[in-house]
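Work through three short exercises on the structure shown below. Try each task before reading its solution.

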Amino acid sequence: MTALVLPLVLLANGLAAGVLVGTQLGGWPLLASLPPQRYVHAHAFFATRYDPFMPVCFLGTVLGDVLLAAWLPQTAARWAFGGSVPLVLAAVVISVTRNVPVNRWIRSLDPEALPPDFAERDPRPHWGVWNRGRCVLAVAALLANCLGCGLLL
């Protein structure tokens, strides 16, 4: 079981952390620098690609980590994999409560006819903070999973 679940956990967690790090390094600085119309267009483009992908990665990570934490005989490795679970779940909570609602709202807007109050409602300052938090949590979970893998070697 470990030979199947462990690589899938590392793959799912690595992909999620990689997407979020990539967003922090490139996507977010681009979005933050764009004028509102171009921002809405670009954000909607990114969101339609990441929104279906990230939940699969987060869910795969949580399920695999729970299995590893429950079934491994090595206590230290079990703690490492189990420690990843709350980190990923916290990233999921941020995603569901903060980032996904913004993504949905942005996708509903017409970049050529933004609401008159868009400047006051521009979600970028808050979205960036929450996205950075998800990134830190996903990378911390990946570190915990890599530690667990290392303890098994």
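The exercises below concern a predicted model.

**Exercise 1. Describe the largest pocket: its space, its lining and the elements that supply it.**

Solution.
- Start with the space. The largest pocket holds about 470 Å³.
- Next, take the lining. It has 30 residues, and those closest to the pocket centre are Tyr50, Asp51, Met54, Asn103 and Arg134.
- Then find the elements. α1 (2-33), α2 (36-71), α3 (75-108) and α5 (124-152) each give two or more residues to this lining. The largest share, 10 residues, comes from α2.
- Last, sort by character. The lining divides into 17 nonpolar, nine polar and four charged residues.

**Exercise 2. Decide whether tyrosine 50 is buried, partly exposed or exposed, and list its contacts.**

Solution.
- Place the residue. Tyrosine 50 lies in helix α2.
- Apply the cut-offs. Buried means under 20% relative accessible area, and exposed means over 50%. Tyrosine 50 has 33% relative accessibility, so it counts as partly exposed.
- List the contacts. Leaving out residues up to four places away in sequence, tyrosine 50 touches Val19, Thr23 and Pro55.

**Exercise 3. Identify the members of the largest nonpolar core that touch the most others, and place Met54 among its contacts.**

Solution.
- Begin with the core. It has 16 residues, of which Ala16, Leu20, Met54, Phe58, Val88 and Ala138 touch the most other members.
- Trace the sources. α1, α2, α3 and α5 each supply at least two residues of this core.
- Zoom in on methionine 54. Beyond residues up to four places away in sequence, it touches Ala16, Val19 and Leu20.
- Finish with the second core. This separate set of 13 residues includes Leu31, Tyr39, Ala42 and Leu109.

Definitions and conventions: Residues numbered from 1 in each chain as written. Predicted model: local features only at pLDDT ≥ 70, side-chain atom pairs only at ≥ 80, totals over all residues. Heavy atoms only, no water. 1 Å grid on protein atoms, 1.4 Å probe; cavity = no way out; pocket = protein on both sides within 12 Å on 5 of 7 lines; lining within 4 Å. Points joined across faces, edges and corners; volume = space filled by probe spheres on them. Helix = DSSP H or I, 4+ residues; strand = E, 2+ residues; numbered from the N terminus. Nonpolar A, V, L, I, M, F, W, Y, C, P; charged D, E, K, R; others polar. Core = buried A, V, L, I, M, F, W, Y, C linked by side-chain atoms within 4.5 Å. Buried < 20%, exposed > 50% of the residue type's maximum accessible area, 1.4 Å probe, protein only. Contact = heavy atoms within 4.5 Å.
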